[in-house]
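This briefing goes with the structure shown below. Please read it alongside the sequence.

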Amino acid sequence: MADKLYHGACFYPELWDENTIAQDIERMKQTGINVVRIGEFAWSKMEPEEGKIDLRFFTQIINRLYENGIETVLCTPTPTPPIWFSHGHPERMHVDQAGRLMNHGSRQHACTNNAYFRQKAAIITEALAKEAGRLPGVIAWQLDNEFKCHIAECMCASCKDQWHQWLEARYGTIDQLNEEWGTHIWSEYYHSFEQIPQPVATPFLHHSSLQTMYRLFESEKIAQFANEQAEIIRRYSDAPITHNSTLFFSVDNERLFENLDFASFDTYAPQAKMESYLLNCDVWRGLKKNTPYWVMETSTSYAASLESYANPHPNGYLRSEAVAAYALGGQGFCYWLWRQQRSGSELPHSAVLSTWGEPSVGYENVLQVEAARKEIEPIMVATKPVQADIAITYSDRARMFHLTEPHNGIEYKDLMTDLYKVFVNQGLHRDVLPEGGDLSGYKLLFTPLLPYVSDDYLERAKSFVEAGGIWIVGPMTGGRTKNHTIHTDRALGRLEEWAGVKTLFTFPMDEHTSAGQAFGKEAPLGLWSAVFEPAGAEARGFITKGVTPDKAFLTEHSVGKGKVVMLGSMPSGEEGKELVAAIIHHYAESAGVGVKTDVTAGTIVVPRQREDGQSIWVIVNMDGHGGTVTLPKAGRDSLNEELAEAGKLTIQPYEYKIIQFEKEGASE
């Protein structure tokens, strides 16, 4: 991909006549759209009858777009197999956890593990790669569309056979599986792998190991499907490959993107959940560190389907989203979709243009994004985001453990977003890393809500601490084994011994009757909690109310040059946010975190740097109320060349500024 910023939309020329397509291309040029995504739902257009593939329409469209200055992200059409694939073949369809067979219609109705599906998917992918892989207009590939968006794990016969093979490869013998799962509970002992069921509906709950392992199995299989498609494409095309995922799909994004070239995601978070939008940007930046990510889909104004709709964005917010995405490391900012569809299941969804070709309610905001893109592009291309001093671990595998064991309906992403927001509101620049992320160069590591801490993660975290880092662990971290069982030697396994604590109890604290105090703050405590007795560590937070008064819920233990901090319970409510903020602030100071800013909530600062070391701050107001940021020294406003004095700088509602500072050691 070219060294520039992309501003794009999803385009479905197969749905429109020639006159409309011509109008759309002209209007894209006027609007500033320089890239489109096509093809992901067009299998029936590409192969209307089985074995009769004709891709000329799409290659002509790609060439035509390119001649008009518009490049293409080309998709494999595999989320929507045509009726010839589905009709009369229920064995090819997805089966949900309730045992319901999916019918043709909508999308993702086929089981991606079905052998015939894989065969036909490989054929259409190869044909598309052969025909279009070397076209100059194709700058990237997207595999499929939103894996596991509307469905979760499949329970069909194909999956059952592969599940048994996966278990045998993982455990070797049925005796080993029985031992590691503890299957004598409720007479769930097995004599062969073929006897092990899928987690289809039962009178009560399935075994925790069975549920979590099945989720891991299915996430591995969908990643293998992505690998298979990518391998085919690479035979015929050098364009980089991605997939458009998000944080609530039934996938392991770290594994999914392992063999892809760049990360991209879809998000429809409303302005009221701006921290969710920012978390997505940070997660996808962390998945492919030092490689720009793409926002492959977002709404021009609101999201909608036949069943529901969201409220429109306030005018000005879309530009803030785009500038924030580009500043945080994004290269592409794209909408779903270009022209509102006249038929289907998402009729009300907002677009750049209405079905009848007039500007949508969000159109003026799209023009604002394009003006901003042009203005900031030279600076974004010449700089890169600065590595943060703080790393937060985000894990889809942890989410799978929480799906098995949701503790009164808690949602992993929601809890992570609440904790993440503390860092944003404190002006702490942060990186969000997957479990396997490189910890080099960080000063503070935060690992909340990670039920299973692998030996690999523990050893890397230990090295991080011994070298001088501070590791905040918890809440709800370390209490489960890799097989989703409970440790039998100590409550938190190896982590507990290494952190210098003995866990006295693990139990659900009630935030209405439990509270704790640390760093001069008191707050309710809730969720599944661990209560500690120091065994070499120092107690830093004590329970003030509840069934375990005066016991520790926060400890600190020196290891090598650094510290391990155990947070045993989740501070709740507004007071809880203040307590979490106090804990984070204290240990950020102790760790010497320097990549931070004094900024009001609702406004963000993204530090970036040129190759020669010159630093800039991209400042964006996202809440529509404006704010202030304290400049540590004088700089220059890169957009108007005016001097920016040290001290408080006022930011207007939805305004963005780029402040350039002198290099260290340069003359003032």
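The notes below cover the whole chain, then a histidine and two helices.

The model is predicted. The protein chain contains 17 helices and 28 strands. Its radius of gyration is 26 Å, which agrees with the value near 26 Å that a compact globule of 668 residues would have.

**Whole chain**

- The C-alpha trace of the protein chain spans about 75 × 75 × 40 Å along its principal axes.
- Of the 668 residues in the protein chain, 59% are buried.
- The exposed area of the protein chain is about 26500 Å², and carbon and sulfur atoms supply 49% of that area.
- When contacts between residues at least 6 apart in sequence are considered, 72% of them join residues at least 24 apart.
- The protein chain carries 61 positive and 87 negative charges, and the mean positions of these two sets are 2 Å apart.

**His-164**

- His-164 belongs to helix α6, which covers residues 157-171.
- The relative accessible area of His-164 is 7%, and the cut-off for a buried residue is under 20%, so His-164 counts as buried.
- A polar contact of 3.2 Å links the side chain of His-164 to the backbone oxygen of Phe-193.
- Leaving aside residues up to four places away in sequence, His-164 touches Phe-193, Glu-194 and Ile-196.

**Helix α11**

- Helix α11 runs over residues 317-327 and is mostly covered, with 10 of its 11 residues buried.
- The buried residues of α11 include the aromatic pair Tyr-317 and Tyr-326.
- Also buried in α11 are Leu-318, Ser-320, Glu-321, Ala-322, Val-323, Ala-324, Ala-325 and Ala-327.
- Gly-329, just after α11, has a positive phi of about 120°.

**Helix α13**

- Helix α13 spans residues 396-404, and it is largely enclosed by the rest of the structure because seven of its nine residues are buried.
- Those buried residues are Asp-396, Ala-398, Arg-399, Met-400, Phe-401, His-402 and Thr-404.
- The packing partners of the buried residues of α13 are α8 (208-234), α9 (253-256) and α14 (412-425).
- At the N-terminal end of α13, Ser-395 acts as a cap, with a side-chain oxygen 3.2 Å from the backbone nitrogen of Arg-397.

Notes
Residues numbered from 1 in each chain as written. Predicted model: local features only at pLDDT ≥ 70, side-chain atom pairs only at ≥ 80, totals over all residues. Heavy atoms only, no water. Helix = DSSP H or I, 4+ residues; strand = E, 2+ residues; numbered from the N terminus. Rg over C-alpha atoms; globule rule 2.2 N^0.38 Å. Buried < 20%, exposed > 50% of the residue type's maximum accessible area, 1.4 Å probe, protein only. Contact = heavy atoms within 4.5 Å. Areas by Shrake-Rupley, 256 points an atom, 1.4 Å probe, with all protein chains shown as cover. Lys, Arg positive; Asp, Glu negative; His and termini not counted. Charge placed at Lys NZ, Arg CZ, Asp CG, Glu CD. Polar contact = N/O pair within 3.5 Å; in protein donor to acceptor, adjacent residues only side chain to side chain.
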